[in-house]
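Me: I should like a close look at one part of this structure, namely the way in which its strands are joined into sheets. Please explain it in connected prose for a first-year student.

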Amino acid sequence: MKKTRRDFLSLTGRLGLAAAALTSGLFSRIAMAVDTRPAFEATSLKDALASIGVTEHQASAEIILKAPDIAENGAVVPVEVTSKLPGTRSIALLVEKNPHQMSAEFMIPEGTEAFVATRLKVAETSNVFAVVKTDAGVFHAAKVVKVTLGGCGG
Amino acid sequence: MPDPMRIRAVMMGDLVDVKILMSHVMETGQRKNADGDLVPAHYITEVSATCKDKTVMSAAWGPSVAKNPYFSFRFKGGAKGDKLSITWKDTAGGTRTDEVTIN
Amino acid sequence: MAAPSLFSTVIAACLAAMTALPAGAEQTSEEAIAEYHAMFGDENPAELWQLRGEELWKTPRGSRQVSLETCDLGKGPGVIAGAYAELPRWFEDTGKVQDLESRLVTCMTTLQGLPESEVLAIKFGDGEQKSDLEAVTAYVVAASRGSRISLPLDHPAEKAAYALGERVFFYRAGPHDFACATCHSESGKRIRLQTLPQLTTPEGAQAAYTRWPAYRVSQGELRTMEWRLQDCFRQQRLPQLKYGSDVAIGLTLYLARNANGGEMVAPSIKR
Amino acid sequence: MNSSLRVAALLLCMGPLASALADPAPDLTATLKAAFEDKRQATLDRLDQDETQKLCTQYRDQPPAEVAQEIAKMNLATVKPPADGKYLGDWKAGEVVASTGTGLQWNDDPAKPNGGNCYACHELAPAEMAYGTLGPSLKHYGKLRGQDPAVLAYAWSMIYNSSSYAPCSNMPRFGHRGILTEQQIKDVMAYLFDAASPVNQ
């Protein structure tokens with residue numbers, strides 16, 4: 001079983017079609033790498049949501065947001081969202097106490113499950129929101145993640 | 001050149017279960033290095049997944065997705081042997097596409 | 001409903017969470033940390049290092065344009081399965097006890113003909129500055145998953161390295177009077193919320209040693225034992241431990257031998 | 001032989017020469033110095049041991065009673081009470097010292113004050129769940145003990161130089177080794193003793 005998986009992994013590596021399209025203007029682009037997308041520039045939940053066209057939303061128990069109660073390290077916080085709401089079109093993840101609240105927005109086309117799992121940076125103890133757009137309006141779920149301090153030199 | 005992604009795409013009933021690990025620094029532009037200098041922002045902004053010419057997932061990311069990102073989703077319509085292609089693009093104009101055969 | 005509803009929901013959730021916290025928070029916080037670890041499942045970015053390491057292992061490089069596929073890690077040329085579980089060990093050709101990292105340096109310089117300065121230029125990676133040594137180490141270590149640690153200490157130099165490692169483990173120094181033993185000679189203790197392994201016992205040493213190298217989520221990097229030891233000394237307020245030094249190898253051998261019989265699961269994922 | 005004489009005789013033997021004789025590889029410090037290199041403020045001289053470190057290393061932190069007594073005596077002699085006689089500073093500043101773990105590592109900014117990192121090893125304020133257990137719980141420290149001068153002097157000594165009462169303790173000798181300033185120790189004292197401090201809630 002293990003061997004199969006390893007072979008499969010290395011196969012993935014070899015099949016990898018790399019396309020590093022680094023333009024000649026690379027360095028100036030790094031220097032100015034300011035995100036101009038309003039959702040990722042916003043510095044409040046309200047503004048971040050407004051920039052993806054959300055002004056009204058309500059809590060829904062049909063959105064299952066999994067995140068740990070305590071994150072041993074805020075640099076990597078696993079987050080998983082499943083929406084059981086019919087006609088789910090997108091799932092956005094926001095972290096209230098981060099400098100920029102919007103973390104990611106996932107578009108869910110027809111045929112794709114209303115499910116995403118990823119890992120976020122959470123700067124300090126904060127609410128994490130999953131905001132789900134559906135044909136019948138916008139809904140959300142929230143979860144508090146406590147970020148702890150650790151280590152001997154921290 | 002960016003390092004390859006590690007993609008697993010496995011049939012789970014009629015769903016394709018996709019789990020991706022990407023090699024990327026995801027620098028926020030707010031972190032200081034050991035010398036106290038700000039490290040410039042450099043992060044993935046777009047991720048998309050295509051199977052049989054159909055976009056099965058597209059996402060917009062900001063810098064608060066964790067370093068060396070993990071991303072998982074599930075879709076219908078794929079079968080064992082089909083190809084799944086994942087592409088990311090970042091703030092520095094970098095991009096990478098990897099393809100995997102659904103298992 | 002407008003934004004305020006979101007906040008009232010959150011406040012309700014917070015209150016619920018707070019009242020749900022029982023008086024004996026100790027058990028709860030440790031369980032919560034365990035839940036956090038469980039959420040990573042098998043999805044460990046260490047695999048990205050393993051993939052890169054495999055590529056490096058198999059690619060002809062250096063002035064001799066050969067790959068590392070004939071590198072002898074102690075079990076014969078090119079044998080990587082189970083090799084890490086028997087390191088550090090005595091090598092006749094170099095006349096030294098070597099850990100995996102220092103042995104890889106030997107193979108890269110003598111077998112491949114890479115200049116040592118180039119091999120050691122990036123010992124520990126930092127974002128876009130990637131360390132080949134960390135990548136190859138991750139690849140080789142993964143080939144010992146499921147192997148049991150076995151260090152018979154047959155050679156007198158291995159016994160001497162163990163004795164040195166043990167003495168260093170208890171050596172108190174620096175402004176804080178710290179030794180390795182300060183944090184790692186009792187069981188069931190923790191620093192903040194991190195459980196400290198008791199490295200002087202088989203159980204404690206096995207729990208720790210079998211999980212290194214590891215992907216450190218706090219750094220977003222894969223770290224090897226050489227990194228782990230020099231970082232412990234940084235936290236002890238001591239100077240920089242030299243890579244591949246007799247003290248680094250002696251301590252590694254001390255820990256590995258104490259962990260004898262433990263089943264390797266590294267590379268793992270850690271805080 | 002009376003006991004003070006016995007201690008004196010033992011002490012003579014405990015000198016650097018005697019501990020070197022008991023040492024199978026007397027040059028461990030030199031071996032270590034060859035295996036390390038200076039990095040910023042963390043220089044090789046930090047590998048040199050003082051008498052207390054030597055004895056604690058030799059006995060792996062479990063010195064026999066006579067040696068323990070002598071370690072306690074020589075460390076107690078280093079304890080400087082606060083110059084103005086006031087043991088308690090500002091608990092809020094003390095909370096920062098107790099929560100901060102940086103200071104004196106080679107990657108730390110030497111211009112910034114060192115931390116005491118009390119929470120790494122001790123439970124203090126009941127509300128802070130991220131505490132270590134290497135040291136005893138100090139929850140409700142002042143509330144349980146009051147502020148009798150002897151109680152204050154003992155706590156001061158333990159922070160200033162833990163080996164004064166707990167020879168070969170794991171706890172750094174914060175005042176004696178110059179990790180914390182007198183003012184920082186006063187602030188930590190206030191964090192332990194002040195009725196308004198979160199430690200006593």
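Reply: The following account turns to the sheet shared by two chains, then to chain B, and lastly to a strand of chain A with several partners. The model is a predicted one.

As general background, the strands of a sheet pair through backbone hydrogen bonds, in either a parallel or an antiparallel manner. In this model, six strands make up an open sheet with antiparallel pairing, in the order S2(A)-S4(A)-S7(A)-S5(B)-S2(B)-S1(B). Strand S2 (63-66) of chain A and strand S1 (6-12) of chain B stand at the edges; each has a single partner strand, so one side of each is left without a neighbour in the sheet. On average, and with direction ignored, neighbouring strands of this sheet are turned by 10° against each other.

At the chain A edge, four bridges connect S2(A) with strand S4 (residues 77-83) of chain A, and the pairing is antiparallel. One pair of bridge partners consists of A:Ile63 and A:Ser83, the latter in S4(A). At the chain B edge, a third chain is involved: helix H3 (residues 46-58) of chain C lies across S1 and strand S2 (15-21) of chain B, and runs at about 115° to S1(B).

Chain B itself contains seven strands and zero helices. The C-alpha trace of chain B spans about 50 × 20 × 20 Å along its principal axes. Of the 103 residues in chain B, 61% are buried. Among contacts in chain B with a separation of 6 or more, 56% join residues 24 or more positions apart. Chain B exposes about 3,800 Å², of which carbon and sulfur atoms supply 50%. Its side chains include 14 positive and 12 negative ones, and the centres of these two sets lie 7 Å apart.

Strand S9 (residues 137-147) of chain A shows how one strand can have both parallel and antiparallel partners. Strand S1 (residues 58-59) of chain A runs parallel to S9(A) and is joined to it by two bridges; here A:Ala59 has A:His140 as its bridge partner. Strand S3 (residues 70-71) of chain A also pairs with S9(A) in the parallel sense, over two bridges, and A:Ile70 is matched with A:Lys146. By contrast, strand S8 (residues 126-134) of chain A pairs with S9(A) in the antiparallel sense over nine bridges. In that pairing, A:Ser126 has A:Val145 as its bridge partner. S8(A) and S9(A) form a hairpin, with two residues between them.

Terms used
Residues numbered from 1 in each chain as written. Chains lettered and ligands numbered in written order. Predicted model: local features only at pLDDT ≥ 70, side-chain atom pairs only at ≥ 80, totals over all residues. Heavy atoms only, no water. Buried < 20%, exposed > 50% of the residue type's maximum accessible area, 1.4 Å probe, protein only. Contact = heavy atoms within 4.5 Å. Areas by Shrake-Rupley, 256 points an atom, 1.4 Å probe, with all protein chains shown as cover. Lys, Arg positive; Asp, Glu negative; His and termini not counted. Charge placed at Lys NZ, Arg CZ, Asp CG, Glu CD. Pairing = 2+ DSSP bridges. Axes fitted to C-alpha atoms, helices over the stretch in contact; angles between N-to-C directions.
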